[in-house]
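Reader: I have a structure open and would like to talk it through, starting from one residue and working outwards. Could you put it up for both of us?

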Amino acid sequence: MKITPQCVVALTWTLKDTLGEVLDELDEPVEFLLGGDDLLVKVEERLQGHDAGDALDLHLEPEDAFGDYDENRVFLEPRKLFPAELEEGMTFDGAALPVGCSPDIKPELIYTVTEIYPEHVVLDGNHPLAGIAIRLSLKVESVREATEEEIGQGSMGTGFFKLESMASAGPGGNTLH
């Protein structure tokens, strides 16, 4: 079966930056819904018409991948608002941040703690790969027709390419792999 909109593909891949450093490797096939919210638009476009067993190499610029880095998504918040066991790399749903954080924080984003100071915490709402061009070597492991239920959900629930709050993603919402 050829890949068409509204089908489910199982993929494996290696995701690298332009210097060849491996950023993510998916060894076991994971299913994604084409025509839904699971994959980047450019990835879906390139998959169209391919069959199980096909391998593709894609180069994606930031605007086609995880977007440009936006300094307006970085916030300096009072350290006292956060738990004592706070660590760099922890993530917070923008809709569930402690009371007292900046009113400019968008609730639909996920914020990563990037730095911790005695008086402040740096929260970054950018996708961790924002501003980075990527190379994606992927293999189509299988292709099948999507069920009506899968089409209605708009996702297989595997949000490798999405980083959004559970509040905005709804039931079974997406987070970054």
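Reader: Where is the place of Thr12?

Author: This is a predicted model, and in it Thr12 belongs to strand S1.

Reader: Buried or exposed, that Thr12?

Author: Thr12 has a relative accessible area of 10%, which is under the 20% limit, so Thr12 is buried.

Reader: And what does the side chain of Thr12 make a polar contact with?

Author: The partner is the side chain of Glu141, at 2.7 Å. Leaving aside residues up to four places away in sequence, Thr12 also touches Leu26, Asp27, Glu28 and Pro29, together with Ser137, Leu138 and Lys139, and Glu141 is again on that list.

Reader: What about S1 as a whole, how many of its residues are buried?

Author: Strand S1 covers residues 7–17, and 10 of its 11 residues are buried, so the strand is largely enclosed by the rest of the structure.

Reader: Which strands does S1 pair with, then?

Author: S1 runs antiparallel to S8, with 11 bridges joining the two, and Ala10 has Ser142 of S8 as its bridge partner. S1 also pairs with S2, again in the antiparallel sense, over 8 bridges, and here Trp13 is matched with Leu26 of S2.

Reader: What sits in the hairpin of S1 and S2?

Author: There are 4 residues between the two strands of that hairpin, and Gly20 takes a positive phi near 90 degrees.

Reader: Zooming out, what is the order of the strands in the open sheet?

Author: The sheet has 4 strands in the order S2-S1-S8-S3, with antiparallel pairing. Strand S2 (22–33) and strand S3 (55–60) stand at the edges with a single partner strand each, so one side of each has no neighbour in the sheet. From one strand to the next, the twist averages 20 degrees.

Reader: How many bridges hold S3 to S8?

Author: S3 and strand S8, which spans residues 134–145, pair in the antiparallel sense over 6 bridges, and one of the matched pairs is Asp57 with Ser137 of S8.

Reader: Changing topic, how many aromatic pairs turn up in the whole structure?

Author: A search of the whole structure finds 3 aromatic pairs. In one of them, the rings of Phe75 and Tyr111 have centres 6.0 Å apart and planes at 70 degrees, so that pair is edge-to-face. The pair links distant parts of the chain, with Phe75 in strand S4 (residues 74–78) and Tyr111 in strand S6 (residues 110–116), 36 residues apart.

Reader: What are the relative accessibilities of Phe75 and Tyr111?

Author: Phe75 is at 11% and counts as buried, and Tyr111, at 0%, counts as buried too. Another aromatic pair is that of Phe82 and Phe92, which is edge-to-face at 5.5 Å centre to centre, with 70 degrees between the planes. Phe82 lies in the loop between S4 and strand S5 (91–93) while Phe92 is in S5, so this pair ties together parts that are 10 residues apart in sequence. Phe82 counts as buried at 6% relative accessibility, and Phe92 is buried with a relative accessible area of 16%.

Reader: Before I rely on any of this, where does pLDDT stay under 50?

Author: That happens over residues 164–177, for which the model has 37 contacts beyond four places in sequence. Where pLDDT is low, the predicted coordinates should not be read in detail. The protein chain averages a pLDDT of 88, and 89% of the residues score at least 70.

Technical notes: Residues numbered from 1 in each chain as written. Predicted model: local features only at pLDDT ≥ 70, side-chain atom pairs only at ≥ 80, totals over all residues. Heavy atoms only, no water. pLDDT = per-residue confidence, 0-100. Contact = heavy atoms within 4.5 Å. Pairing = 2+ DSSP bridges. Axes fitted to C-alpha atoms, helices over the stretch in contact; angles between N-to-C directions. Buried < 20%, exposed > 50% of the residue type's maximum accessible area, 1.4 Å probe, protein only. Phe/Tyr/Trp six-rings, centres within 6.5 Å; stacked < 30°, edge-to-face > 60°. Polar contact = N/O pair within 3.5 Å; in protein donor to acceptor, adjacent residues only side chain to side chain.
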